[in-house]
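Colleague: Hi! I'm new to this one and would love a quick tour. Could you put it up on the screen?
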Amino acid sequence: MKAVCYEAFGAEPRIATLPDPEPAPHGVVIRLGATGVCRSDWHGWMGHDPDIELPHVPGHELAGTVAAVGTEVTRWKEGDRVTVPFVGGCGQCPECHAGHQQVCDHQFQPGFTHWGSFAEYVSIHRADLNLVRLPDDMAFATAASLGCRFVTSFRAVVDQGRVSGGEWVAVHGCGGVGLSAVMIAAACGARVVAVDIADDKLALAREAGAAATVNAREMADVAEAVREVSSGGAHLSLDALGSVSTCVNSIMSLRKRGRHVQVGLMAGEHSLPPVPMGRVIGHELEILGSHGMQAHRYDAMFAMIEAGLLKPERLVGREITLEQSIEALTGMDRFAGTGVTVVTRF
């Protein structure tokens, strides 16, 4: 198969011809229809993930067609149109038995623990537990854009953040994760304040449903600006980027008894942010993490999409070739472009 491969962290990836994967007895092989280019892939390429072994094929936001089925698989057949959470469960640990596959004790992550989806084919484990059937009318590009950013935001806003209609929600960072969070929170009836340093991304946030925007480049105190817009602070605030400044600003944006959800990965020099714990204690704030979403929760999200409340296809930006994914991956630290970049030509 043709695939993007890198042999050293930070070294230029290349297009390579690699052996086609075979399905594990409990798994399937998927022929890729689309795969997203995500900042998490950039973190992996930079060496921020200890699970990656070299050489490596990145990619974890994927959708496609089942091409081969393991002997133990009962729910899936060749030709099925599917996607998969970026965190897969083992089905046997206590977390999986409790329905929390996103924090499985023995989780697998395509593009991290195993070769990923920047390729013509990808192998997925524990298919009966982890695969998700796509709606017949959903394009692969839209489905791939759900894979990490949209579903992560859905869980962060709905399950972890416990958003309610009429609440103020602040979203710090309007990349794919942030724009998804804006759309989901607005669809749930919240009033959203979107924060970013780029006017074009803030314009997209308004299109996605933000009631107000704050350009962080133009504000001396971002948290104060959010508190002013929201008449005292957000009930729920999300760091959708993953940096010291956005994490602290998110916490400081909250009103008393508010909820901060950390969605953006905190890696490298940002891995140990100076959390304003005095504020957390004095205002009885909640600090929550959010890490993907289980396969069994996709139905709730699909129901909102089918009802027209969520329109994830509007967040898809460029559709590119596998060859172009190399430049898109290595340039993710520049935060260029808007929306979700998706590989649709392999």
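Colleague: Thanks! Which residues does Ser-325 touch, not counting residues up to four places away in sequence?
Modeller: Happy to help, and keep in mind that this is a predicted model. Apart from residues up to four places away in sequence, Ser-325 touches Val-4, Phe-118, Ile-320 and Val-343.
Colleague: Is Ser-325 buried or exposed?
Modeller: Ser-325 counts as buried, because its relative accessibility is 0%. Ser-325 lies in helix α11, which covers residues 325-330.
Colleague: What lies 2.5 Å from a polar atom of the Ser-325 side chain?
Modeller: That would be the backbone oxygen of Leu-322.
Colleague: Okay, new topic: cysteines. How many disulfides does a search of the whole structure find?
Modeller: The search finds zero disulfides.
Colleague: Why is there no bond between Cys-38 and the closest cysteine sulfur?
Modeller: The closest cysteine sulfur belongs to Cys-148, and there is no bond because the two sulfurs are 4.0 Å apart, which is too far. For a disulfide, the sulfur atoms have to be within 2.5 Å.
Colleague: And what about Cys-96, which cysteine sulfur is closest there?
Modeller: For Cys-96 it is the sulfur of Cys-104, at 3.7 Å, so that pair is too far for a bond as well. Cys-96 is buried, with a relative accessible area of 7%. Cys-38 also counts as buried, at 4% relative accessibility.
Colleague: Good to know. Let's move to Gly-292, where is its place?
Modeller: You'll find Gly-292 in the loop between β13 (286-289) and α10 (298-306). Gly-292 has a relative accessible area of 0%, so this loop residue is buried.
Colleague: What is Gly-292 in contact with, leaving aside neighbours within four places in sequence?
Modeller: Its contacts are Phe-86, Gln-102, Thr-152 and Arg-155. Val-151 is worth a look too: Gly-292 and Val-151 are 141 residues apart in sequence, yet their C-alpha atoms are 6.4 Å apart in space.
Colleague: Last thing, pockets. How much space lies in the second largest pocket?
Modeller: About 220 Å³. The elements giving two or more residues to its lining are α3 (127-130), β7 (132-133) and α10.
Colleague: Which residues line the second largest pocket?
Modeller: Among them are Arg-75, Trp-76, Gln-101, Asp-128, Leu-129, His-296 and Tyr-298.
Colleague: How does that lining split by class?
Modeller: The lining of the second largest pocket has six nonpolar, two polar and four charged residues.
Colleague: Lovely, thanks for the tour!

Note on methods: Residues numbered from 1 in each chain as written. Predicted model: local features only at pLDDT ≥ 70, side-chain atom pairs only at ≥ 80, totals over all residues. Heavy atoms only, no water. Helix = DSSP H or I, 4+ residues; strand = E, 2+ residues; numbered from the N terminus. Buried < 20%, exposed > 50% of the residue type's maximum accessible area, 1.4 Å probe, protein only. Contact = heavy atoms within 4.5 Å. 1 Å grid on protein atoms, 1.4 Å probe; cavity = no way out; pocket = protein on both sides within 12 Å on 5 of 7 lines; lining within 4 Å. Points joined across faces, edges and corners; volume = space filled by probe spheres on them. Nonpolar A, V, L, I, M, F, W, Y, C, P; charged D, E, K, R; others polar. Polar contact = N/O pair within 3.5 Å; in protein donor to acceptor, adjacent residues only side chain to side chain.
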